[in-house]
Amino acid sequence: MSPLSAKRRKLDHTSTSLDDSESEANEPQSTPNISEEAPAPPRPRHTKRTHDDDDAALYAGGIYKSSLFKLQVDELLREVAPNYAKRFGGLTEALHKLKGLIEGIEERDALSISDATEWLHKSHKIAVPFPDPKPDKNAAYKLTYTRPSNINVIGSYVLRTMVKSDSTLSVDMLVVMPASIFQEKDYLNYRYFYKRAYYLACITAGLQQSVQEEFGLAFEFLHGNELHPILILKPKSDATKPVLNYAIKIIPAAPQGIFAASKLHPTKNSVRPKDSAEHERAVQVPTPFYNASIQSDCNFESYLKLLHSALKSSDGFKDACILGRSWLRQRGFASQISTGGFGHFEWAALTALLLKGGGAKDHSVLSPGYSSYQMFKAVLQFLSAHDLVANPVAYESIDYVASRPPGPVLFDGHRGQNLLYKMTSWSYHLLREEARASLSMLNDATFDQFESTFIVRTSRPLQRWDCIFKLSLPSQPIRTPSCDHMSSVAEFSLRVAEVLAEGLTDRIKIFDIKGPETTSWSIKSAAPSTVQPSLMVSVSFDPANIDRLVDHGPPAEEKKKAAKFQKFWGEKAELRRFKDGSILESLVWSSGSSYSIFQSITTYLVKRHFGPEVAGSLKFIGEGFERLLLGSGPSTKSFETLRQSFSAFEKQVRDLEGLPLQLRHLSPVCAQLRYSSIELPSFSSGQPLRNPADVLIQFEGSGRWPDDVVAIQRTKIAFLLKIGSLLEEVDESTTTRLGLENEDKPHQNCAFLHVIYGSGAAFRLRIHNDREQILLERQIKDKSTDHRVREDAASALSVYKRSFLQLPLHTQSIATHCTRFPLLSPTIRLMKMWFDRHMLAGHIRDEVIELLVARTFMQPYPWRTPSSTMTGFLRTLLFISRWDWRVEPLIVDFTGTMTSKDVDSINTRLEAWRKIDPAMNRTVLFAASNHDKTGTAFTDNGPSKLVASRMTSLARSACKLVKEKDLELDPRSLFVASTADYDFVIHLSPHFAGNHQQKEASKPKYKNLEMHSEATLDIVGYQPVHSYIDELKKVYTNTVVFFHVELPGSVIAGLWNPQAVAPRPLKVNLAYSTTPAGVAGEENEGVIQLDKSAILAEIARLGGDMVSEIVVHR
């Protein structure tokens, strides 16, 4: 079957001469171009479509990922396209004027360098932006200015591939310098760049007086390349003129072919020392960056023609460029050297080259018939499949000799230029990693990844990287053997990358190094003002290796490798014999957290290779989040101790003799047993576990169970008493206590058993009987039963399914994935702490929070799986801030086996819920997983819309703070909650707070006194604050919404129900205290209102000594 043809779109005219009398307003389809020699506008091509336009679903299914994805892409392309007429008002006239002014600039006679610079300074107060090293004032060559040979408008404005942005949009005006001002060997020793800088200064002098009222003039480095200064003109605005947020860049360029391409090959040298002998020139070190900088100036027009050709030949090219630009922007890539050196131009040029070749047997990689999405995905495939650092690729170059420059190489042989010359090895590796991640997203057939691909910004440092550190440049610049043009920042970055790659090896997955961004500067200054530069190094950990304490080097027998290892590591390297008999060079690091180990290694490497001055400037960012965790940080040793105690408990119960029925399952259902409780489970022989771990026990089926739910609950009590007596007989140090619950809910579980071991481990045992579900369902279906009884049965069934069916599966999944992803546990704990600090934990169940974090690890797109607590926490916050829970379910695929049908079924179920309950009075959040496709197991009857909205607004505020503070963020600020939003706040006595009781229980005791006393056993499971809050919620269900902090548990906040607060006519048997709202004799006589003071007094009375103060805000 032949492939579907690409959808035809009406193409914009891509070039129109500004010499024409018609403006852009008269021809909305045209784009201004200033060259008389520009390519002709493309003619519409009428090709036969293989399918009817109305067959959109089939068409989308063949060329796009899905019909929905196609609609999303089309909507994105419409939304990101700027309104050119509105955004660039008056631009056409301005370009015409600038073209005329530049062409009218007076020609200058040839002058020496000193005379030329002095003339510009005296007559126009303009400094020539010569690059470093500055030219020799006694140089034999002269500087001159003559009329440019050509003026063009180039770039994305011409191609109409710009995207909306809050920042300034730029229009590039290319001024081609005449060949007459250059000599054959001007490519050597910066002579071309000195003449280019003088030419730019002359243009600036010619425009200064004419446009100073309309534009502000400044110099700037094109894409941060110090060899390419340009002139930037920004429109001025005042009370009479609208604000125009665009800029015009005037870029001097060389005529194509002015220098021999063979002389500017990446393997050639163009920077020769003055004292070098003639015979030494053959062995000079190549200068690829310098050569490519010249070639890029010569190839502006050539690439303009290439892009126009691609635009004419492929209907999908333009939209593919827009998609690529959006994708790059969200990942922080741009053409500037400081932002990776790969931007819109590089994407468009690469796509155009792949349309013409690059494949096997010189076939094109891309077909002109590809849709924009197919073309976009194919470019990602090319980037991810080719390591252009290790294996350079040459396009249309038979005689290309591969070399190993410090960065990637995609050599365009037709134009003699490395298209990626501004990229470094680490920025290209990051680009490849992003391309791979995006391909994985686009190949995901289960979940829609459109937003992850094009909408979510992944370049926020704290959300992308695990650790970020800054270091200052050394006072003495590092010298490299290269003659290539390289700033001190670039030289130092290259050396730092080499040291980190060799020193950290497999401890990190990927890293990035960013120097300071270049800024524009006054035309009266030759260069931007310099400040003490520093580097920002960002690192992504490999969780499996980052905390390794011993590094193995080469064996002692390999003398050269061992000597190299010793030279690199210095005194840290030591020879060690290991258990297997091998003798290896080794490194031993002090134990600690992942961050502390990483910091010690990095600090040692920097100090050894760059000196104590640079090491003293190191500033690390990222560990602050783990330090917030209670206990021993991200460690899970305390959880493992409790898990071991549970295994011993399970074995003991299974070995019990005398049980009425055979044991089937013993299932943990507690956060402490799935590595996810905020507090670490701490216990000892003298200090039992304060909050017992919940466990379910299920026996084999039997016909002797009663046929009544209430009777079954009473039978459970007898079973628990029997289990308790048997356990105490087996182990005298074991104490068991029976507890009752749900006294007012006869259909629900009514008893539990506390089992407290001599070691301090404590468990709360409940019995699971699957016959309850059958009886409850039968009772619900019985129409003859009173509706209240049926409602109670329905509520009991919901609790049964959550407690006895879903919780064991959920606990097993979370526990399994906490061992698979070591950072899942600390991330869940930190996320729960955030919910708790903002007083939401009492409304949103632990399981929902765990599902939110698990989603970040199971479906991590657009990133990879988090490899630090910080990234896991901040990415989860970002998801919450973007989650529209009104129409989107939370779906967690624990096993990776969900299909698109499963996802569609869950979405359909949510839509059905919203139709049944449009006001969302019962189910607000919809959280589904492999185990619970109903989505309501943990969100039935809570949280409310108020709490869910509060959760979203707090997450958005937190993400906004992360964006604003960036690297200056104090992690503690995200956990600070304000009580000013609440109507009243109840302050509890510190004697009843959790932290006080924990301190009292943890006071040191003598060993011979460490035993379970009656007092210590009484505090097991005793939570007075929780009991008080539960009582308040029961009494004031329809009057007050309560919020509280679990840890330390010293504050309870309340909001009055607006419906209860509103005055209303007097009625009897109201559920709350009231007071008259009207005055006798007036119209509102007989109207009552909520008596807030009486209710607050009753709340204080119920709390007794627990309540220390109630502060009323409103």
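**Figure 1. The largest nonpolar core of the predicted model.** This core holds 216 residues. Those that touch the most other members are Phe-317, Leu-471, Trp-569, Phe-649, Phe-835 and Phe-873. Helix H24, which spans residues 787–820, gives the most to this core, with 9 residues. In soluble globular proteins, nonpolar side chains tend to be buried together.

**Figure 2. Contacts of Phe-317, and a separate core.** Which residues is Phe-317 in contact with, leaving aside its neighbours within four places in sequence? They are Leu-307, Ala-310, Leu-311, Ala-348, Thr-351, Ala-352, Leu-355 and Met-375. Another core, of 68 residues, lies apart from the largest nonpolar core. Its residues include Val-128, Met-162, Tyr-192 and Ala-292.

**Figure 3. Thr-856 in helix H26.** Helix H26 covers residues 846–858 and contains Thr-856. Is Thr-856 buried or exposed? Thr-856 has a relative accessibility of 4%, and buried means under 20%, so Thr-856 counts as buried. Neighbours within four places in sequence aside, Thr-856 is in contact with Pro-866, Gly-872, Arg-875 and Thr-876.

**Figure 4. A nonpolar surface patch that includes Leu-740.** Three residues, Leu-721, Leu-738 and Leu-740, make this patch of about 270 Å². Leu-740 belongs to strand E22, which runs over residues 735–740. Why does Leu-740 count as exposed? Its relative accessibility is 52%, and exposed means over 50%, so Leu-740 falls in the exposed class.

Conventions: Residues numbered from 1 in each chain as written. Predicted model: local features only at pLDDT ≥ 70, side-chain atom pairs only at ≥ 80, totals over all residues. Heavy atoms only, no water. Patch = residues over 30% accessible without salt bridge, like charges linked within 9 Å, V, L, I, M, F, W, Y side chains within 5 Å. Areas by Shrake-Rupley, 256 points an atom, 1.4 Å probe, with all protein chains shown as cover. Salt bridge = Lys/Arg side-chain N within 4 Å of Asp/Glu carboxyl O. Helix = DSSP H or I, 4+ residues; strand = E, 2+ residues; numbered from the N terminus. Buried < 20%, exposed > 50% of the residue type's maximum accessible area, 1.4 Å probe, protein only. Core = buried A, V, L, I, M, F, W, Y, C linked by side-chain atoms within 4.5 Å. Contact = heavy atoms within 4.5 Å.
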